[in-house]
Amino acid sequence: MSLECLTWIPHLWDTLICSLNVRKDGFSMQDLPEEILIDILSRLPGNCVLECRRVCNQWLALTSTPSFVEMHLKRAAPVLFVQCIDHVEKMDMFIFDEGAKANQMIKKIGAEFMHLEASHVPILSGSCDGLLLFRPNFPSSLSIVCNPLTGEKVTIRAPVDPVIVCGVFFHPLTKDYKLLFVHQKQLFAPLGGVAFEYFLYNLGGQCWRKLDGFPYQPIVLFPPTILNGALHWIVNPYWVRVNNGDIPPSDNLVMMFNMDTEEFRHMPHPGVECPMWEVHKNARLFEMKGKLASCHVNNSYVYVWALEDYKNWIWVKRYSVNLHLDVKRYPFDITHISPSYWNSLITLVGIQNDELLFDWNSRGVFRYNLLQKTIKQINGVGMKQTPLLPFGASMRCIMSYTKTFVTPIGFQLPDSEV
């Protein structure tokens, strides 16, 4: 993480805070130049900056400018945002920070600001620069973009109903956040026609635009992987089967959206043979060291491919991970179900620093080191003995999240920086 080498900053800041307005050898915090204050403040965790904003009007002003928000965003270390939903649709949300002190690693987030005018609990669907995207459990015209750190929230109503939000992203040229929605135009695509239409929503301008249709819909349970100016998804195989009768050739199973041209494409998935439908729907795309990575789970095996040549779309198989772990070491709750079945309930979350992050539904959340072939559990996420996070929740959504001050109404850089 980007702040691992700067863990001394919060400790230094604690010392400086204690010296506020207390001169020692003629020194006061107010004697520091503003650029130094801004540099230090921008290295603090988001919740610490919130506390500093309450110290004085000067610090509030310094930390409220677009340039500070951008600086803090670049330096903030990602954490995990966890949403747990039980069988009666009761929702709990947590921020899990592995770099924090032991008694501060897990912070429960109140769900009051998450009220959505729908009959079902909103589901975590995306994360971008500190903004979280939620959608109803069933297709609807409503979606939510919020910043849990500041409590800001925007409710978005689509011009058509129902729609499903596909992803949220920051466009570097327009300096604005945008949302992509898909609408099922018709159940069956006519010969030469398309069954889906797409809409783009601009958060800053609060305006909608209809895009060209496309014959496929992505798997919306997982957020897109944003790389090389494009959003990448795995194609939803269910609608491919409905419209075409079977899984298509392998060149149709990766779906892309170019942020600049706003055009859709489909490209081949790794390997020669097309995977079975059940395997394909559990496939995921991630970024791995600046490259697109494709992962899919088959029982308790995870296969990882890397797109070594993006221009020519050349995949290379990198890892085969066997997750047949000792069930005594990581016990599960329902003992009458066979271990092989519970081993298969694995949801891939991401790849960071050569570690595969995955949610093993019946046991917890883990990191697997792809190079050393070692595994460690992220303590406190899903363990039965941890009262803060429910064990055996019917749904658990986990995403990388950055505690920053980006606003859901649109983040604009100063004119001089555009």
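**Exercise 1. Two aromatic residues**

Task: Decide whether Phe 214 and Tyr 216 are buried or exposed, then classify the geometry of their ring pair.

Solution.
- Step 1. Phe 214 and Tyr 216 are both buried in this predicted model.
- Step 2. A ring pair is described by the distance of the centres and the angle of the planes.
- Step 3. For Phe 214 and Tyr 216 the centres lie 5.9 Å apart and the planes stand at 75°.
- Step 4. Planes over 60 degrees apart count as edge-to-face. The pair of Phe 214 and Tyr 216 is therefore edge-to-face.
- Step 5. Phe 214 and Tyr 216 also belong to a cluster linked by ring pairs, together with Phe 169, Tyr 198, Phe 257 and Phe 264.

**Exercise 2. A second ring pair**

Task: Classify the pair of Tyr 301 and Tyr 303, and give the exposure of Tyr 301 and of Tyr 303.

Solution.
- Step 1. The ring centres of Tyr 301 and Tyr 303 are 6.5 Å apart, and the planes are at 15°.
- Step 2. Planes under 30 degrees apart count as stacked. So Tyr 301 and Tyr 303 form a stacked pair.
- Step 3. Tyr 301 has a relative accessible area of 31%, so this residue is partly exposed.
- Step 4. Tyr 303 has 22% relative accessibility, so this residue is partly exposed too.

**Exercise 3. Strand 8 and its hairpin**

Task: Work out how enclosed strand 8 is, then follow the chain through the hairpin to strand 9.

Solution.
- Step 1. Start ahead of the strand. Pro 162 sits in the loop between strand 7 (152–157) and strand 8. The peptide bond joining Asp 161 and Pro 162 is cis, with omega about 0°.
- Step 2. Strand 8 covers residues 164–171, and 7 of its 8 residues are buried, so the strand is largely enclosed by the rest of the structure.
- Step 3. Strand 8 runs antiparallel to strand 9 (residues 176–184), and 7 bridges join them. One of the bridge partners is Phe 181 in strand 9, which pairs with Val 165.
- Step 4. The hairpin has 4 residues between the strands. Lys 175 lies in this loop. Its phi is positive, near 55°, and Lys 175 is not a glycine.
- Step 5. Lys 175 has a relative accessible area of 17%, so the residue is buried.

**Exercise 4. Another positive phi**

Task: Locate Gln 206 and state whether this residue is buried or exposed.

Solution.
- Step 1. Most residues other than glycine have a negative phi. Gln 206 has a positive phi of about 50°.
- Step 2. Gln 206 is in the loop between strand 10 (196–202) and strand 11 (207–210).
- Step 3. The relative accessibility of Gln 206 is 56%, so Gln 206 counts as exposed.

**Exercise 5. One face of helix 3**

Task: Find where the buried residues of helix 3 fall around its axis, and name the ring that Arg 53 lies over.

Solution.
- Step 1. In helix 3 (residues 46–53), the buried residues are Gly 46, Val 49, Cys 52 and Arg 53.
- Step 2. Seen down the axis of helix 3, its buried residues fall within an arc of 110°, so they line one face of the helix.
- Step 3. Arg 53 lies over the face of Phe 405, 4.3 Å from the ring centre.
- Step 4. Arg 284 is over the face of Phe 222, at 3.9 Å from the ring centre.

**Exercise 6. Contacts of Asn 369**

Task: Place Asn 369 in its strand and list its contacts.

Solution.
- Step 1. Asn 369 is part of strand 22 (residues 364–369).
- Step 2. With a relative accessible area of 12%, Asn 369 is buried.
- Step 3. Leaving out residues up to four places away in sequence, Asn 369 touches Asp 354, Glu 355 and Thr 374.

Technical notes
Residues numbered from 1 in each chain as written. Predicted model: local features only at pLDDT ≥ 70, side-chain atom pairs only at ≥ 80, totals over all residues. Heavy atoms only, no water. Buried < 20%, exposed > 50% of the residue type's maximum accessible area, 1.4 Å probe, protein only. Helix = DSSP H or I, 4+ residues; strand = E, 2+ residues; numbered from the N terminus. Pairing = 2+ DSSP bridges. Arc of directions from axis to C-beta. Phe/Tyr/Trp six-rings, centres within 6.5 Å; stacked < 30°, edge-to-face > 60°. Lys NZ or Arg CZ within 6 Å of the ring centre and 35° of its normal. Contact = heavy atoms within 4.5 Å.
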